[in-house]
Amino acid sequence: MANIELFDAVIIGGGPAGSCAALRLLELGHRVALVEQYIFPRPQIGESLSAGVRNIFDYLGAGHLLNGRGYIDGLPAQVIWENARERKVELRKHGDSIMVDRGKLDYDMLQLAVSRGLVLFQPAKPETFKQEGNHWKVVIRVGNEHRELRTIFVLDSRGRSGSKLTDKIITAPPMVALYANTSRISMPASTLIEAQEDGWLWGSPLPGKGFRMMAFFAPEDLRKGNADKLFRNRISSSVLFHDGLKDLEPSVTRSCMVLNYSHNQPWDNNYIRIGEAAFTLDPLSSTGVEKAMRFSLQTVIAVNTILSAGDTEISRTFFEDHIAESMGQHLKWTSAYYQSAWPKSNNVFWKERSKVNISAQDTQTAFHQKLTLRLDKITAKKKNDAIAGGVWPVEAIDQFWYKKIRLSPQLTYVKTICVENDRLQLKDAVKHPAIDREIAYIDNLAIFPLICGIQGTETLGELIYSWSQKISFEEARNITVRLCNLGLMELS
């Protein structure tokens with residue numbers, strides 16, 4: 001075996017989550033290696049990227065990778081969802097979403113990381129992982145040669161295939177996706193989404209001359225016939241997609257299983273799962289790549305905190321809380337969106353996906369319990385303690401200028417984890433039953449120093465004037481309104 005090579009982090013898998021983590025870790029000055037099994041560019045679905053990826057690419061200094069490759073942006077959407085019985089087509093804007101060639105984009109991201117100092121092993125396959133003291137020993141095979149890598153962190157970004165089914169907390173009933181390409185000539189220059197009686201269809205133009213069509217349905221429907229016949233039946237019965245049949249590619253319809261889950265132990269002794277190795281989202285939102293990259297950036301903050309300051313407990317808590325929060329909010333949104341579809345509870349497919357319900361396990365991990373508690377909190381009906389029963393506009397503050405203002409008696413002070421200078425730190429924060437989480441900052445202003453001195457004898461105007469000695473008058477007015485609308489302050 002060759003000489004041992006030392007790294008701060010070894011990333012397994014070169015998709016968007018892995019490359020994103022590599023780029024950010026390198027920028028923070030860490031020594032990083034990445035192990036990718038396949039040669040790039042390789043075929044890869046998941047071409048529809050939500051608008052938020054642009055900010056992430058710009059943040060990484062990689063915005064230019066979204067230009068000059070013939071990618072498609074600014075597509076409108078034609079949607080049949082709530083009103084299919086009337087065959088009503090809704091026109092919606094998708095903002096700055098973009099259709100890319102994932103094979104090219106993944107290749108470009110990885111090469112950019114190499115140009116910035118990434119040590120890349122490709123094609124290479126990880127064979128063993130063994131923890132020895134504070135380090136991991138990772139043995140990889142490159143051709144006929146074995147290499148030994150020593151690292152403080154392993155970031156597993158191998159996607160859906162990186163873990164066993166028994167390690168996954170299932171968050172929704174599985175689906176099958178059948179997909180094929182047709183010509184763009186016969187299809188509209190739009191993203192298409194259509195709810196059918198027992199499933200739904202998605203489609204969009206691709207860079208080049210193709211148009212991707214995908215059908216999502218329950219796995220048991222495959223028993224009704226072969227995949228190609230089932231796919232064609234779904235397309236032929238569609239309002240938006242049926243014109244694509246005449247130019248459908250002659251190749252066999254491709255398929256993939258769609259399983260929504262979270263890993264039951266995403267952080268295990270500095271072996272950290274990121275991207276789709278950590279959790280997957282329902283394809284209905286088209287935010288999978290954005291969420292994977294955004295979560296990678298959050299993971300890097302946790303890793304950098306340990307490498308810089310050694311605070312493991314804060315880092316792991318931050319990491320797990322962000323997964324639980326992201327999963328909970330997404331499950332709440334998707335269940336509501338499935339519930340809004342026109343078939344509603346008339347079909348098992350829609351009825352099952354209209355509920356938020358995660359799978360139980362014989363032995364629950366600490367993270368499984370944390371995710372369950374988070375879902376219970378998010379799905380519970382929250383009491384709205386906001387002042388005046390609604391939301392103040394800033395302009396309305398003048399009518400309450402001489403009224404007494406006080407802190408809500410339900411407000412408590414706590415410590416919460418915040419990001420400062422690419423590290424995690426505990427900060428003073430406030431907590432209230434009407435809000436989902438602790439708050440330390442609003443509009444980059446620390447809350448605790450402002451409100452800890454409120455006596456309850458001040459008028460609203462006096463409080464704003466007092467705060468304007470520390471911050472601008474406009475900021476004082478705005479933050480007062482925000483705190484009242486959150487229920488943290490109230491008129492007395």
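This is a short talk on the salt bridges, one helix and the empty spaces of a predicted model.

Okay, ground rules before we start. The model is predicted, so local features need pLDDT of at least 70 and side-chain atom pairs count only at pLDDT 80 or more, while totals for chains, interfaces and linings use all residues. Residues are numbered from 1 along each chain as its sequence is written, and side-chain values use heavy atoms, with hydrogens and water left out.

Let's begin with charge pairs. By salt bridge I mean a side-chain nitrogen of Lys or Arg within 4 Å of a carboxyl oxygen of Asp or Glu. How many salt bridges does a search of the whole structure find? The count is 29.

Here's one of them: Arg42 and Asp106, with N to O at 2.7 Å. That pair links distant parts of the chain, 64 residues apart. Arg42 sits in the loop between strand 2 (32–35) and strand 3 (48–49), and Asp106 is in helix 3 (residues 102–115). Helices (H or I, at least four residues) and strands (E, at least two) are DSSP runs here, numbered from the N terminus. Are these two partners buried or exposed? Both Arg42 and Asp106 are buried. On that scale, buried is under 20% relative accessible area, exposed is over 50%, and partly exposed is in between, with a 1.4 Å probe and protein chains only.

Now for Asp443 and Arg482, whose closest N and O atoms are 3.2 Å apart. Asp443 is in the loop between strand 24 (441–442) and strand 25 (445–446) and Arg482 is in helix 11 (residues 473–485), so this salt bridge ties together parts that are 39 residues apart in sequence. Asp443 is exposed, at 55% relative accessible area, and Arg482 is partly exposed, at 36%.

Then there's Glu420 with Lys427, another salt bridge, at 3.4 Å from N to O. Glu420 has a relative accessible area of 23%, so it counts as partly exposed. Lys427 comes out at 23% too, again partly exposed. And if you like networks, look at Glu132, Lys137, Glu148 and Arg150, which salt bridges link into one.

Back to helix 3, the one with Asp106. Its 14 residues should span 20 Å at 1.5 Å a residue, and the end C-alpha atoms are 20 Å apart, so the two agree. The expected span, by the way, is 1.5 Å times one less than the number of residues. Which residues of helix 3 are buried? Those are Arg102, Gly103, Leu105, Asp106, Asp108, Met109, Leu110, Leu112 and Ala113. Their cover includes helix 1, strand 2, strand 3, helix 2, strand 8 (119–121) and helix 5.

A quick stop at Phe448, in helix 9 (residues 448–451). Phe448 is partly exposed, with a relative accessible area of 25%. Leaving out residues up to four places away in sequence, Phe448 touches Tyr413 and Asp428, where contact means heavy atoms within 4.5 Å.

Right, empty space. On a 1 Å grid over the protein atoms alone, a cavity is a set of points where a 1.4 Å probe fits but cannot get out; a pocket is an open set with protein on both sides within 12 Å along at least five of seven lines; lining residues have an atom within 4 Å of a point. Points are joined across faces, edges and corners, and a volume is the space filled by probe spheres set on the points.

The largest pocket has a volume of about 1,400 Å³. It has 47 lining residues, and closest to its centre are Gln44, Ile45, Arg102, Arg160 and Glu276. Helix 5 gives the largest share of that lining, four residues. The lining divides into 18 nonpolar, 18 polar and eleven charged. Ala, Val, Leu, Ile, Met, Phe, Trp, Tyr, Cys and Pro count as nonpolar, Asp, Glu, Lys and Arg as charged, and the others, Gly among them, as polar.

The second largest pocket comes in at about 1,200 Å³. Among its 36 lining residues, Phe318, His322, Glu325, Ile417 and Arg437 lie nearest the centre. Here helix 6 gives the largest share, nine residues, and the split is 15 nonpolar, eight polar and 13 charged.

Last, the cavities: there are two of 30 Å³ or more. The largest holds about 50 Å³ of space, and its lining has four nonpolar residues, five polar and one charged. Among those lining residues are Asn260, Asp282, Met327 and His330.
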